[in-house]
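User: Please take a close look at strand pairing in this model, and at how the strands concerned are covered. A connected account would be preferred to a list.

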Amino acid sequence: MRLPQAAMMAVIAASAASAFQTHISRPHVVGSSTTSLNAFHLKEGETRNMFEGPAPLVKERDACGVGFIANTQSGDEFGTHKVLSQGLHALDCMEHRGACGGDGISGDGAGIMTQIPWKLFADYRSDGCPQPGVGQVFLPQEEARRNEVKEVIEKVCEANELEFLGWREVPVDPSTLGPQAREVVPSMWQMFVKAPARLEDDEETRDAFERTLYLVRRRIAVELKALDLLKKEDGSEEVYFASFSSQTIVYKGMVQGCVLSQFYKDLENEDYTTKFVIYHRRFSTNTNPKWPLAQPMRVVGHNGEINTLIGNVNWVRAREKSKTLPEEALGDLVGKENTDNIVMMCNTQDVPNLLEPLVDLGRSDSANLDAVFELMTKSRHRAPCALMGLVPTAYENEPALADNPEIVDFYKFHGGLLEAWDGPALLVFSDGKSIGASLDRNGLRPARYSITQDGTVYMMSETGVVDLDEAEIVQKGRLGPGQMINVDLATGEFKDNIAIKSEIASRHPYGEWIANARKDVQKMSFAEERIYDDSTTTFAQGSFGWGLEDIGMQIQDMAGSAKETTYSMGDDAPIAVLSTRPHTPYNYFKQRFAQVTNPPIDPLREGVVMSVAMTLGKKESIYKVSEKGARLIHLESPVLNSNEMERIASYAEEENGGFAQGTISTRYSLSDGPDGMKAAIDAICDKAAEDVRNGVEVLILSDKADDQSVLDETTYIPPLVAVGAVHHRLIAEGLRMDTGIVVETGSAWSTHHFACLVGYGANAVHPYLALETVKQWHGNSRTQKMMEAGKLETTTVDEAQQNYRKAVENGLLKILSKMGISLLSSYQGAQIFEAMGLGSEVVDTSFKGTTSRIGGVGLSDIASETAMMRPEDDSSKLINYGYYKPVPKLGEYHANSADLAKLLHTAIGLDKKVSAATNRDEAENDGVKPKSVADYEIFKKSLETAPLANIRDLLDFESDRESIPLDEV
């Protein structure tokens, strides 16, 4: 059964029209203007229904100054005050890296992290408790509310065997603050707790004590939230733990660097001694500063931005959901073995009644990175190890690592388990045992260090922030891309990039594990035989939304020259939801780009640090390293051909790896009608969850039809909708880490299509119809004649398909680069798109968390639009939709048509009757026709009656005032 195109056009046009019932209201009020725009119907109690996207993605951006100073040789076991003084001086000199508020005094944020100053806190120490846990807490200003919060904190501590030793009000001078900071300044307090009696005081149980403090802090947040004490409805009076540890403490605030020590009087006290200091000065872009957003965070000071944040958060949620330890384990937050098991094997994200969620898109990118980094350090990862996994270097073909294969093996192993937190970043970190700094793989932030004769290590965003005598310096250098330095706070040993990474990488035989368990799929030759005849191929192309332009422009350029088609800037065709022509779901998405990444990544110049490699299979825990973590299928390219699909299928054999595989068809009966898509999506999601529970590690979502009869009788779920729905369903059920998803589709040919599929969860794509189209194009007589004439480079069928894959890969790298991302594995699931014209039903089903500022079409509309693409019975060639180049009468409407431009030129007197070659200087008015008011009225009417093309076309003015005469303007 084939639906008549004209009938389906009417259906989708009516659906789009009904979807866009827009209410506009712009009343003018004297004295205070009021403007309201409600796009689509509001539910009861809603004041707006536009989802602008997560704040860290669309609003919050940082560019900061950061550094550290460490000296373990001078002073006693508690260090010296000099280290702190030098750190504060460096912070003061970093003022140009930060920003201040409109009052000229309040700062975007400044802070330090140090060793706990035990001399200063001598009153809270004893022989029985030499190192209590110390919490630095921002409490409400209101005394009654503050006392309620304190009572809750004490009860939670005592319930978890933390003997409460007392509160200390932090000495502060509010007069040093600017008006903006003073208005929202918290009440600063410190709390002290004794380690549980069942934890002995040695290094191992010190780790257990740190885990207890960490888990109790997150439990406190839950209890406060349950009592509406965590923060007020407007977000003010937030209770925030800047730190809660027996090793480190953080002083920070909404101040300028020079004001920090004036505000916190402790910092000027000579008894404040420390072996190290991390300092940070914040510059916040597009967001209002807040006290909790100042840095350092609890373990990290971050200069830069995480461009993969949404994907990272989604994968953390999936990883936490896949942990198997039951919630009952969270009843004991004290026992050494139990807390060890909690951080490694218990879901710490989705138990809001027991623990504060690990990650939250309501927080900044730095806060989320800090939370994951902190959890990893509370497991069996040392801080440098955790950061090597989270922010890896470009290890492939890196000459500096040629003599250290163990480091390369470490990155290969962890790269399969953990997606990189990608973006320009200088990270300074400490877990209390060591302190260090690391750069992102591109090295897009400055970082220099010096070591002096007394053993002090200075690391800073730039030189000059600390005055050093050149004669005292014994070593200096800078961090290159992906490099790290580290200082052991117990021994004072300084370790450079190779030393610290080799030490970490040598803890496990990663190379041996990879050799034994990993399977590699290298690029293979392409099949030359056709899978369909020309008639079936054309019908399949049409049903998947291909047009003549896609073959004549995109396929020809990609297969012929291994490059994407070059387009002009701008797009004057209607957006997909307003078009009367059918569009694939890809066209409802716009790619985002990084707002702060500077300088931008160049995929040509910096290709060595970029990669499109992906993996398939079950990803083991990142918190508990074992040989099983190496058991993955590594793909050199995310664009697979039929031979590579067969190679992957061969790994299902027990003697060849035993990677269980399953294929789910995304086709469903055409007779089910538009409403059939919802049932079909539910069915494939149920089947996917069932298969993964039964051990399937490679899940293939396929819309491939065996022959013409199947194409005649069925339609399909668009692959972007299908993969997004399955991806989010598996995340929700804690199964996503147990499988890799391959999309086998005829509906992917441009780089944007591949980016969307990977961005919403696909590990790899087999574009069988695009490859079939390349073969069809190559065998076309016109193509062969162009090769013979030298207009196209002469290629074989295999070479043409290789060219196509190369063009897709380079296009993906270009898309990654404008977002400031280096690895396709980090782009996977990152959802770095904005949806335009998709309704909440579609977004909630397949694209959760995607920015969607307006509503739009539902699943049944997409099903109708998909069916509209089906060719007519007698169609022997594809339709030219005219999406890129205007096609008179039959093609897509273009706002900037030649006829409209000519009409405007005539109206305003720019239409020239003669050219320069016909002596126009001798013609009246240089051959230019006179202005025409009548033509201008026609031009104006043409615009008013033109088809809808953009969101602004849906808006109109409502005013309670009469128009103003032009001569009065």
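Analyst: Two strands are taken to pair if DSSP finds at least two bridges between them; strands (E, at least two residues) and helices (H or I, at least four) are DSSP runs numbered from the N terminus. The model is predicted, so local features need pLDDT of at least 70 and side-chain atom pairs count only at pLDDT 80 or more, while totals for chains, interfaces and linings use all residues. Numbering runs from 1 along each chain as its sequence is written, and side-chain values use heavy atoms, with hydrogens and water left out.

Strand E15 is a suitable place to begin. This strand spans residues 434–439, and 6 of its 6 residues are buried, where buried means under 20% relative accessible area, exposed over 50% and partly exposed in between (1.4 Å probe, protein chains only). Its side chains alternate: Ser434, Gly436 and Ser438 point one way from E15, whereas Ile435, Ala437 and Leu439 point the other way. Residues on both of these sides are buried.

E15 has strand E14 (residues 425–430) as an antiparallel partner, joined to it by 5 bridges. Within this pairing, Val428 stands opposite Ala437 of E15. The hairpin formed by E14 and E15 has 3 residues between the strands, and Gly432 adopts a positive phi near 90° there. E15 is also joined to strand E19 (residues 484–488), again by 5 bridges and in the antiparallel sense. Here Ile435 faces Val487 of E19. Ala437 is thus placed opposite a residue in one pairing, and Ile435 opposite a residue in the other.

Strand E17 (residues 457–460) gives a second view of covered strand faces. Val457 and Met459 are buried on one side, and Tyr458 and Met460 are buried on the other. Two antiparallel pairings involve this strand. Strand E4 (residues 65–70) pairs with E17 over 4 bridges, and Ile69 stands opposite Tyr458. Strand E16 (residues 448–452) is likewise joined to E17 by 4 bridges, with Arg448 opposite Met460. E16 and E17 form a hairpin with 4 residues between the strands, in which Gly455 takes a positive phi near 90°. In both hairpins, then, a glycine with positive phi is found: Gly432 between E14 and E15, and Gly455 between E16 and E17.

Parallel pairing is found elsewhere in the model. An open sheet of 4 strands has the order E25-E27-E29-E30, and its strands pair in parallel. E25 (661–665) and E30 (764–766) are the edge strands; each has a single partner strand, so one side of each lacks a neighbour in the sheet. Neighbouring strands of this sheet are turned by 25° against each other on average, with direction ignored.

At the E25 edge, 5 bridges join E25 to its parallel neighbour E27 (residues 698–702), and Ile664 has Leu701 of E27 as its bridge partner. Helix H18 (residues 676–693) lies across both E25 and E27, and runs at about 175° to E25. Such angles run from 0 to 180 degrees between N-to-C directions, with axes fitted to C-alpha atoms, for helices over the stretch in contact; contact means heavy atoms within 4.5 Å.
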